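Okay, thanks everyone, let's get going. I'll put the structure up and then walk you through a few spots in it.

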Amino acid sequence: MRIAMLSYRSKPHVGGQGIYIRRLTRELAALGHTVEVFSGQPYPDLDEGVALTKVPSLDLYRPGDEFRNPHPREFRDLVDLQEWLLMRSGSFPEPLTFAKRVVRLLAERRDEFDVVFDNQTLATPLLEIEDASVVGLPLAATIHHPITMDRAIELDVAPWVRRKPGSRIRFEAPKIGVWRWYSFLTGQKRTAPRLRRVVVPSESSKRDVVREFAVDPARIETILLGVDDRFHPPTAPRVPGRILAMASADAPLKGIHILLESFAKLLTERDVELVLVTKPKEGGVTEKLIERLGIGHRVSFANGLTDDELVALMGSAELACVPSLYEGFSLPTAELMACETPLVVSRAGAIPEVVGPDGLCADVVEPGDVGALTTAVAALLDDPDRRARMGAAGRQRVKELFSWSAVAARTAEVLEDVIAEYNEENAHADR
């Protein structure tokens, strides 16, 4: 097959999107398929044999220069103007404007591909790909989880009004800002039910996609994600008292604020340290909470790590926590299991599917429960034999269930079905 893979942004080392793109395309190429990734900024790291076509946006959210106003010379067309105007209105325009740009590119290269596979862009213009008068290619998509779940959690914690920092009279309305920021979901809800086939990474995500996006369950295929072979048990001793978490520090969905509250309680009676594999926003909620709790001397952040450095860090902790309030899969959970790192996780979304029966590869607590998280971490820190058994069981589960080569083989089968179905429909239409 000749596969066009779409990804409106593919950050290489943070979050699962860039990892998914890189590992899946590598294994699809290894199976003999031709794969070309179409991506906006930030661009992915890809393996040899996988082509990249850059689909540049105005890059309005580049780190250190977020929400910038481009120079007039940077505007190339009306799509660029739309992107900037939507950003200035408080919306997130990248899925929509990426879709418009990539449809234009595919229309010029229709004969070079057999199928288009979208990685959760889900913008309505992508539906034109199946229109023979525009592009004329079959389309399928991955939905890792419906972003409505993120929005619900952010709305729950956002106040209606708060005073703007550094000002006596100016106020901001965070809850209204959340609604505007997630306005792209209107288009995703229109698009998802009309997709020919949807791939999800867990049964939990499948249920949520059916409920939130009204997708016919008969059109959904569940394909578990994989773990790369580079994740392996440590060769050096683990650091006594080290607790690790891998999550976006300032995203309420990831529950880092719950972990920090729990860690503060543990620190009153234990010699422990917390390493967060993330880069918090300067002056963001995580930094403020650490300051309020008085735990800054025992909390550190790690980011910009090489692959080898990340694996070594994951294997250096006595245990790791995944305190998320929701996950469509949680790839870091499986990667930590591959490193034989014992876990305390929340019973949220697909996490119980990933870790399996409670207590075997991880202790599972209710999401948002600071007391339960504190008790579970303390008990596991006090039981080195159980940590060793849990770590070994976790690695065995990964070896049995989470293989990128298996993900690619199953995905290829789905895409071949999509091509056959599309061609059959067109053949009937021509008669």
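Quick bit of vocabulary before we start: a residue is called buried when its relative accessible area is under 20%. And keep in mind that what you're looking at is a predicted model.

So, take E94, which sits in helix α3, residues 94–108. Is E94 buried or exposed? Its relative accessible area is 4%, so E94 is buried. And who does E94 touch, if we skip residues up to four places away in sequence? The list is Y8, R9, Q41, S57, Y61 and E83.

Let's go over to strand β1, residues 2–7. Five of the six residues there are buried, so the rest of the structure largely encloses β1. What does β1 pair with? One partner is strand β2, residues 34–39, and those two run parallel with six bridges. If you want a spot to click on, R2 is opposite T34 of β2. Another partner is strand β4, residues 115–119, which is also parallel to β1, with four bridges. There, I3 has V115 as its bridge partner.

Next, a pair of helices. In general, you describe two packed helices by the angle between their axes and the distance between those axes. Here the pair is α8, residues 256–267, and α9, residues 285–293: the angle is about 15° and the axes lie 10 Å apart. That angle is why we call α8 roughly parallel to α9. The crossing of the two is right-handed. Which residues make the contact? From α8 you have H257, L260, E261 and A264, and from α9 you have T286, L289, I290, R292 and L293. Sort the residues of that contact by type and you get five nonpolar, two polar and two charged.

Okay, on to a sheet. This one is open, has six strands, and goes β12-β11-β10-β13-β14-β15, with parallel pairing. Which strands are at the edges? Those are β12, at 299–302, and β15, at 362–365, and each of them pairs on one side only. Going from one strand to the next, the twist averages 25°. Zooming in on one end, strand β14, residues 343–346, pairs with β15 in the parallel sense through four bridges. In that pairing, V345 faces V364 of β15.

Staying with this sheet, have a look at V322, in strand β13, residues 317–322. The relative accessibility of V322 is 8%, so this one counts as buried too. Leaving out neighbours within four places in sequence, V322 contacts S330, T333, L343, V344, V345, S346 and I351. So that we have a distance on the board as well: V322 and F263 are 59 residues apart along the chain, and their C-alpha atoms are 13 Å apart.

One of those contacts of V322, T333, takes us to my last stop, helix α11, which covers residues 331–338. How many of its eight residues are buried? Seven, so α11 is mostly covered. The buried ones are L331, T333, A334, E335, L336, M337 and A338. After α11 comes E340, and its phi is positive, near 60°.

That's what I wanted to show. Happy to rotate the model if anybody wants another look.

Technical notes: Residues are numbered from 1 along each chain as its sequence is written. This is a predicted model: local features need pLDDT of at least 70, side-chain atom pairs count only at pLDDT 80 or more; totals for chains, interfaces and linings use all residues. Side-chain values use heavy atoms; hydrogens and water are left out. Axes are lines fitted to C-alpha atoms, for helices over the stretch in contact, and angles run from 0 to 180 degrees between N-to-C directions. Angles under 35 degrees count as roughly parallel, over 145 as roughly antiparallel, 65 to 115 as roughly perpendicular and the rest as oblique. A crossing is left-handed if the near helix is turned anticlockwise from the far one by less than a right angle, and right-handed if clockwise. Contact means heavy atoms within 4.5 Å. Ala, Val, Leu, Ile, Met, Phe, Trp, Tyr, Cys and Pro count as nonpolar, Asp, Glu, Lys and Arg as charged, and the others, Gly among them, as polar. Buried means under 20% relative accessible area, exposed over 50%, partly exposed in between (1.4 Å probe, protein chains only). Two strands pair if DSSP finds at least two bridges between them.
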